[in-house]
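Thanks for coming. I will go through one structure today, beginning with its strands, moving to the ligand, and ending with two single residues.

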Amino acid sequence: IYGGAKTTAGKHPWVASLQIKTSKRNTHICGGVLIKACWVLTAGHCIEQPAENLQVALGKQNLKKREHQEQVFDVEKIIVHYKYREKDGVPHNDIALLKLKPVDGHCAVETKYVKTACLPHFFFPVGTDCFISGWGMTETDEESHQLLDANVKLISQKKCSAPRAYDHILDESMFCAGNLRRPGADSCQGDSGGPLTCVENGSYYVYGLVSWGDGCGLKNKPGVYTQVTTFLSWIKSKIQSESRSLH
Ligand code: 4AZ
């Protein structure tokens with residue numbers, strides 16, 4: 001996160017760290033967001049490993065420490081969207097579901113530090129102030145051990161498709177957030193798959209997933225996010241069919 005600040009514990013309890021398990025230590029590769037006890041949303045481009053090599057850590061603040069509030073799960077199944085593809089270096093339909101492997105019959109247990117975010121069943125207006133959070137690159141050119149967050153504003157598709165911004169690149173699976181004129185806060189490498197949340201009536205909605213952008217924190221090049229509303233029926237059908245089937 002560029003232009004961010006260290007979060008207080010429990011401020012973004014749906015944020016997940018997607019990690020590769022290695023013999024030495026686990027390495028954070030992407031963010032994610034808890035939407036149901038056994039289900040985490042992330043970006044399609046985050047999935048380059050088989051499920052056996054991945055784990056999901058919930059309730060984390062400092063990635064370099066073992067924390068009493070953390071809940072760590074193996075991944076039982078990966079479902080990358082059937083229309084996910086990378087074209088000219090740009091990810092389209094950049095979304096995937098991770099099914100967590102239950103421990104003693106249950107996945108995430110709700111605590112002050114681990115909670116689900118709501119799925120958005122409506123659109124937030126352009127200009128809405130929303131949050132981004134993650135452990136990705138900062139303006140000092142290093143990944144953060146501490147979870148950082150920042151505020152970004154939703155930008156219209158028309159403004160973000162202007163020649164000086166992302167001329168003709170955006171489709172309905174994407175939207176931009178940030179500030180075109182005065183860039184400050186932005187997501188960056190390592191934040192991918194993590195949530196952009198917007199608040200309505202005190203509830204936090206996962207409105208976007210960190211997807212891509214031309215650099216980080218650059219003028220006229222805001223962060224681009226996966227539009228979660230576009231994938232609501234896909235998300236619900238996948239979770240339902242998985243929960244219905246017996247294994
Ligand atoms: C990346 O490389 C990336 N500034 C993620 C987000 C943004 C740029 C790059 C947005 O994963």
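Two strands count as paired here if DSSP finds at least two bridges between them. By that rule, strand β1, residues 5-6, pairs with β11 in the antiparallel sense, over two bridges. Before going further, note that this is a predicted model.

Let me stay with β11, which covers residues 148-155. In its pairing with β1, Lys6 stands opposite Leu148 of β11. Strand β10, residues 129-134, also pairs with β11 in the antiparallel sense, and that pairing runs over six bridges. There, Phe131 is opposite Asn151 of β11. A further antiparallel pairing joins β11 to strand β12, residues 174-178, over three bridges. In that one, Lys153 faces Gly178 of β12. As for cover, six of the eight residues of β11 are buried, so the strand is mostly covered.

Now β12. How many of its residues are buried? Five of the five, so β12 is largely enclosed by the rest of the structure. Side chains in a regular strand alternate between the two faces of the sheet. In β12, Met174, Cys176 and Gly178 lie on one side, with Phe175 and Ala177 on the other, and all of these are buried, so both faces are covered. Besides β11, strand β12 pairs with β15, again in the antiparallel sense, over four bridges. One bridge partner in that pairing is Gly223 of β15, which is matched with Ala177.

Gly223 takes us to the ligand, since Gly223 is among the residues around the ligand. Which others are there? The list has Asp186, Ser187, Cys188, Gln189 and Ser192, then Val210, Trp212, Gly213, Gly215 and Cys216. By class, the shell has six polar, four nonpolar and one charged residues.

Three distances for the polar contacts. A backbone N or O atom of Ser187 is 2.7 Å from a nitrogen atom of the ligand. For Gly215, a backbone N or O atom lies 3.0 Å from a ligand nitrogen atom. Ser192 uses its side chain: a polar atom there lies 2.9 Å from an oxygen atom of the ligand. On its own the ligand has 310 Å² of accessible area, and the protein covers 84% of that.

Two single residues to finish. Thr229 sits in the loop between β15, residues 223-227, and α2, residues 232-244. Is Thr229 buried or exposed? The cut-off for buried is under 20% relative accessible area. Thr229 has 14% relative accessibility, and therefore counts as buried. What is Thr229 in contact with, leaving aside neighbours within four places in sequence? Pro120, Phe122, Phe123 and Tyr207.

The other residue is Ala96, in strand β9, residues 96-100. Its relative accessibility is 0%, so Ala96 counts as buried too. With neighbours within four places in sequence again left out, Ala96 is in contact with Val40, Leu41, Thr42, Ala43, Gly44 and Ile47, and also with Ile79, Val80 and Trp234. One more distance for Ala96: Ser17 is 79 residues away in sequence, and the C-alpha to C-alpha separation is 14 Å.

To recap the strands: β11 pairs with β1, with β10 and with β12, while β12 also pairs with β15. That is the end of my part.

Conventions
Residues are numbered from 1 along each chain as its sequence is written. This is a predicted model: local features need pLDDT of at least 70, side-chain atom pairs count only at pLDDT 80 or more; totals for chains, interfaces and linings use all residues. Side-chain values use heavy atoms; hydrogens and water are left out. Buried means under 20% relative accessible area, exposed over 50%, partly exposed in between (1.4 Å probe, protein chains only). A residue is near a molecule or strand if one of its heavy atoms lies within 4 Å of it. A polar contact is a pair of N or O atoms within 3.5 Å; within protein, one must be able to donate a hydrogen and the other to accept it, and residues adjacent in sequence count only if both atoms are side-chain atoms. Accessible areas come from the Shrake-Rupley method with a 1.4 Å probe; for residues, only the protein chains shown count as cover. Ala, Val, Leu, Ile, Met, Phe, Trp, Tyr, Cys and Pro count as nonpolar, Asp, Glu, Lys and Arg as charged, and the others, Gly among them, as polar. Contact means heavy atoms within 4.5 Å.
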